[in-house]
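Q: I have a model open and would like to learn how to read a helix and a pair of chains. Could you walk me through it?

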Protein chains: 2
Amino acid sequence: MGDTQDQMSLLDSVNAGIELAIPVAHRMGIRIVELGEGYAAGIAPLEGNTNHLGTLYAATLFGVAEILGGVISVATFDSSKFYPTVKDVQIRFRRPAKTAVRATASLDPDAIARIKAEAETNGKSEFELEAQISDETGEIVATTRGTYQLRRHGS
Amino acid sequence: MGDTQDQMSLLDSVNAGIELAIPVAHRMGIRIVELGEGYAAGIAPLEGNTNHLGTLYAATLFGVAEILGGVISVATFDSSKFYPTVKDVQIRFRRPAKTAVRATASLDPDAIARIKAEAETNGKSEFELEAQISDETGEIVATTRGTYQLRRHGS
């Protein structure tokens, strides 16, 4: 397969995994649209996710950003050995989101190397991940900063 | 009607309002179970809200706490004049939630008086709200601190 087909196949598999493992995220319309070592992007639709002001509901904005830490972990670290958990998340709502949104996040190579080494040595490693959530005009509507932990299975 | 019937009627009306205004929160099973001037409690079921570890999904924990700022505002301030928005929320996940959860939050009388006065004078007022999320054994599984703003309609 070519790179584009590989990416489609990876995304299909990750989105099917989310549907199975976190069905409520799938029902919110959260989908991963880009994924690779150290980066991910997700989307969420406005339809079905509106709040009392007709804009995108806070928990959906939270969800589309928070999930990136999990899928980046699966795409970047050895998921046969380690699984991701989230310890805390700060979300700042900058302006109302009046369209579908896209959330992006990335880990730099130094962080990836540190996390891999710590997880192998200690069975766990913590990392921070910042995400930006943009509307369809490209305006940032919210930002998050989360602390995640990669943990060895069974711990 | 007696106090219990009044409370039931208020809760029915608030939950019907959430179903209409924030359908995704209703679909997550988030329900308000106590509400009065300056306080609220909400619940969310484990069923339908599990994550990849079989515990309660982060965005549902976020949702059941975040919504308390909105419903406390509606129950405490003049909703014919003012509506609530959320500016930021910090959520700390203390331990995995393996059962349904209950979130509680309250505003003290001094804060209520300040917010009422500021909103009348300035058309808006900001307030902080802390929520505790507990599992069915009474253990705190997560805590949140949110900054909300009460705003005059049309602003």
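**Reading a helix and a two-chain arrangement**

A: Happily! Keep in mind that this is a predicted model. Let's start with helix H4 of chain B, whose buried residues are covered by, among others, helix H3 (58–76), strand S3 (82–93), strand S5 (124–134) and strand S6 (140–152) of chain B.

Q: Which residues of H4(B) are buried?

A: They are B:Ala111, B:Ile112, B:Ile115 and B:Ala119. These residues cover an arc of only 100° around the axis, which puts them on the same side of H4(B). The general idea is that an α-helix has 3.6 residues a turn, so residues three or four places apart point the same way. On the other side of H4(B), you will find B:Pro109, B:Asp110 and B:Thr121 exposed.

Q: What should the 14 residues of H4(B) span?

A: At 1.5 Å a residue, residues 109–122 should span 20 Å, and the end C-alpha atoms are 20 Å apart, which agrees.

Q: What can I look for at the start of H4(B), and what just after H4(B)?

A: At the start, a side-chain oxygen of B:Asp108 comes to within 3.1 Å of the backbone nitrogen of B:Asp110. Just after the helix, B:Gly123 has a positive phi of about 80°.

Q: By what turn can chain A be laid on chain B?

A: A turn of 180°, with a shift of 0.0 Å along the axis, lays chain A on chain B with an RMSD of 0.0 Å. That is the relation of a two-fold axis. In chain A, the C-alpha nearest the axis belongs to A:Gln90, 2.1 Å from it. Both copies use the same surface: 100% of the contact residues of chain A recur in chain B.

Terms used. Residues numbered from 1 in each chain as written. Chains lettered and ligands numbered in written order. Predicted model: local features only at pLDDT ≥ 70, side-chain atom pairs only at ≥ 80, totals over all residues. Heavy atoms only, no water. Helix = DSSP H or I, 4+ residues; strand = E, 2+ residues; numbered from the N terminus. Expected span 1.5 Å × (residues − 1). Buried < 20%, exposed > 50% of the residue type's maximum accessible area, 1.4 Å probe, protein only. Arc of directions from axis to C-beta. Contact = heavy atoms within 4.5 Å. Polar contact = N/O pair within 3.5 Å; in protein donor to acceptor, adjacent residues only side chain to side chain. Least-squares fit on C-alpha atoms with pLDDT ≥ 70 in both.
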